[in-house]
Amino acid sequence: MNSVLKRLILLSLACVFLMTTTAWADTPFQGYTYNFWGWLVPSPAAYIPVRSFGLHDICETLGDLSDPTDMRVDNEGNIYIVDWGNNRIVVIDIELNLVRVIDGYYRDGVWVENAFNRPHGIFITDDMHIYIADNLNHRVVVLGKGLNFIREITAPQVEGLADDFVFLPQYVLVDRGGRTFVIVQRVFEGIMSFNAQGEFLGYFGTIDVAFSPIDLVWRFIMTEEQRAVQTRFIPREFQSMDIDEYGFVFTTHVETWHLNNQVMRLNPRGEDVLVNFNANVVINGDQGWREAGAMAGPSVFTDVIARPHGMYSALCSNRGRVYTYDSEGNLLYVFGGTGSLQGMTRRPVSIEMLGDDILLLDAQGRGRIIHYQPTEYGRLINTAIAMRYDGFERYATAYWRELVRLDENFALAWAGIGRSLLSAGDNYNAMYYLQRGMDVRHFSVAFQRNRLDVMQGTLPNILTSGMVLFGLYISFKVYRRIKGKGASEDE
Amino acid sequence: MSKVFGFYSLPLRIMTRPFEGFYAMKYQREGTLKIAVINLLLVLISYAINDQYASLVVNPQNPLTLNSLNNAVMIVGALILFCVSNWSVTSLTDGEGRLKDIFMAMCYAMTPLVLTIVPATILSNFLSADEAGFYFMILAVGMMYFIFLVFVGLVTVHNYGAGKAVLTIFLTFFALLVIVFLLTLLLSLWQQLWVFAYSIYTELMFR
């Protein structure tokens with residue numbers, strides 16, 4: 001008896017240990033998403049931190065990062081870190097090799113040392129031209145292959161700028177046509193855009209200034225003097241930008257009103273074309289937050305990255321979380337967080353993608369990069385969304401079903417099954433899954449098609465039997481009349 | 001019609017001939033409180049059915065927050081509040097209606113709601129998002145006819161002209177605000193009194 005009990009205990013202990021080793025996901029944060037009604041729904045972690053490294057892990061003599069501000073990955077997989085405090089750009093790769101340190105350039109064959117003064121933002125074009133927003137030198141430097149100086153963009157000489165205007169470029173971006181977009185400190189009119197020759201084109205992506213009714217009432221009450229003293233309503237400042245595969249520019253800006261998107265997707269004309277089909281979940285990160293105390297306040301999107309297949313991820317500097325949306329504005333997953341645990345950030349400033357992995361740049365202290373890799377769950381979502389975006393939705397059913405198996409509360413997966421069934425033509429079953437996933441838009445489509453199917457299936461029979469009955473009725477009448485006539489003649 | 005629908009004939013008569021119907025309700029003593037309450041219950045049931053069975057396309061409700069009892073309390077509460085404030089205004093402005101008459105007029109006026117909500121709910125299950133307008137149109141027609149009947153009912157019950165009726169309805173909403181304000185005040189005062197008494201009680205207990 002005793003030995004049986006012992007064995008049972010041992011067995012259960014073994015079970016417990018086995019279970020912890022297989023089922024315990026070692027993430028220091030809780031993944032979540034929002035459902036149709038804007039309720040928070042916990043979900044598995046889509047990305048997990050696999051390592052975190054600083055410059056001291058790469059090279060002993062390199063020193064530490066000092067307040068890094070920006071990070072970019074070029075199309076060869078090199079990671080460019082703008083080391084703001086040390087006036088240099090450090091280029092590394094993901095295998096932790098130092099590629100080079102950029103702190104100067106060749107100008108007409110002559111090496112210019114310590115050429116940068118507080119560089120802030122960087123961009124690398126497809127043909128490996130490097131654009132550096134050289135903040136306190138009031139210019140954007142363009143470097144070609146071999147660090148050869150090509151040209152620089154300086155303060156535009158145009159009418160309309162204030163007399164004390166100082167050109168302090170922060171972030172820089174180049175589109176396929178060679179148009180350069182620069183976010184400049186204390187310029188609220190929009191993103192400054194320059195043509196390929198460096199001439200000022202105008203402001204890009206101006207934010208509409210919305211007068212709230214209360215503001216208008218106040219202005220009505222105020223005297224002339226008060227109105228004159230009050231500064232004009234200024235739009236918000238841009239935080240960061242990135243360009244997607246179609247040449248559309250993603251930007252983030254600080255929002256004061258909690259029902260406005262913090263992300264914009266600007267078409268080449270500078271109009272916001274960001275799509276969000278769910279009015280209950282706004283594209284500004286967390287939908288609810290504490291007003292005071294630890295981790296209070298709304299999300300602040302400090303950086304955004306355009307991902308392939310219409311997805312984009314935005315980094316919140318307030319809580320260190322990364323929010324990933326698809327091309328329809330669905331919040332796919334949230335991961336990351338602030339704290340001192342491994343894989344968490346203290347002061348995240350920049351987000352980049354390397355293949356399917358995500359890199360976060362943490363500016364706190366010595367500065368480090370946190371490398372996130374997708375879990376099976378995250379990879380499934382990425383694949384299924386990519387298939388939908390590329391038009392292979394009908395083949396994505398298996399991925400969505402696997403996601404439902406992993407996380408039954410994930411409404412997008414239920415809707416995903418429904419949508420793949422819908423595009424495969426199974427309207428009746430699609431309705432069930434779309435209802436479970438609360439995809440009202442596609443539920444309506446599936447319902448409409450199913451209704452048509454039902455009608456096409458039954459209406460011919462109904463009409464045929466109606467015709468037959470009508471024919472019988474007529475012939476009966478005719479018969480009666482003939483018979484009746486005959487009878488009356490008989491009488 | 002009265003033969004077919006029996007006891008429910010007056011609500012239908014009010015719908016088709018409102019002035020004559022309300023006149024009969026009050027002055028010929030045809031209206032009964034029983035039928036009025038039944039009409040109110042029918043509306044509550046209709047709304048519960050609507051919440052539960054209207055199609056996903058027009059009614060994307062969260063099943064976890066759906067509470068028919070809560071809705072019923074809200075509707076009845078609003079109705080009683082409106083009746084009381086209307087009564088308190090009209091008794092000062094020569095209205096002839098008693099509280100019972102006002103309540104009955106309101107309940108009898110609800111027949112269009114009874115007749116539209118459930119059919120609209122059934123219809124919604126055959127509509128896609130593009131056609132949802134029909135559903136909302138039916139509901140809106142019912143609601144508008146209800147408001148019209150309330151107006152006619154109040155005019156008839158109080159023996160007012162149209163202008164005076166409009167004025168008293170405006171005053172009714174004002175009285176409604178005052179009542180809500182006083183209720184809130186009363187609640188907070190009562191709570192403070194309660195806390196005071198309770199703290200004295202705890203003091204005495206721990207002495």
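This report walks through the domains, one sheet and one helix pair of a predicted model.

Residues are numbered from 1 along each chain as its sequence is written, and chains are lettered from A in the order in which they are written. Because this is a prediction, local features need pLDDT of at least 70, side-chain atom pairs count only at pLDDT 80 or more, and totals for chains, interfaces and linings use all residues.

Let's start with the domains, whose bounds come from an automatic or database domain assignment. The centres of domain 1 and domain 2 of chain A, taken over C-alpha atoms, are 57 Å apart.

| Domain of chain A | Residues |
|---|---|
| Domain 1 | 45–376 |
| Domain 2 | 412–490 |

Next comes a sheet. In chain A, four strands (DSSP E runs of at least two residues) form an open antiparallel sheet in the order 4-5-6-7; strands pair if DSSP finds at least two bridges between them. Strand 4 (70–73) and strand 7 (98–102) of chain A are the edges, each with a single partner strand, so one side of each has no neighbour in the sheet. Strand 6 (residues 88–92) of chain A is joined to strand 7 of chain A by four bridges, and Ile89(A) stands opposite Ile102(A) in strand 7 of chain A.

Now for the helices (DSSP H or I runs of at least four residues). The axes, lines fitted to C-alpha atoms over the stretch in contact, with angles from 0 to 180 degrees between N-to-C directions, of helix 6 (residues 411–424) and helix 7 (residues 427–436) of chain A come within 7 Å and cross at roughly 160°. Helix 6 and helix 7 of chain A are therefore roughly antiparallel (over 145 degrees).

Notes:
Parallel < 35°, antiparallel > 145°, perpendicular 65-115°, else oblique.
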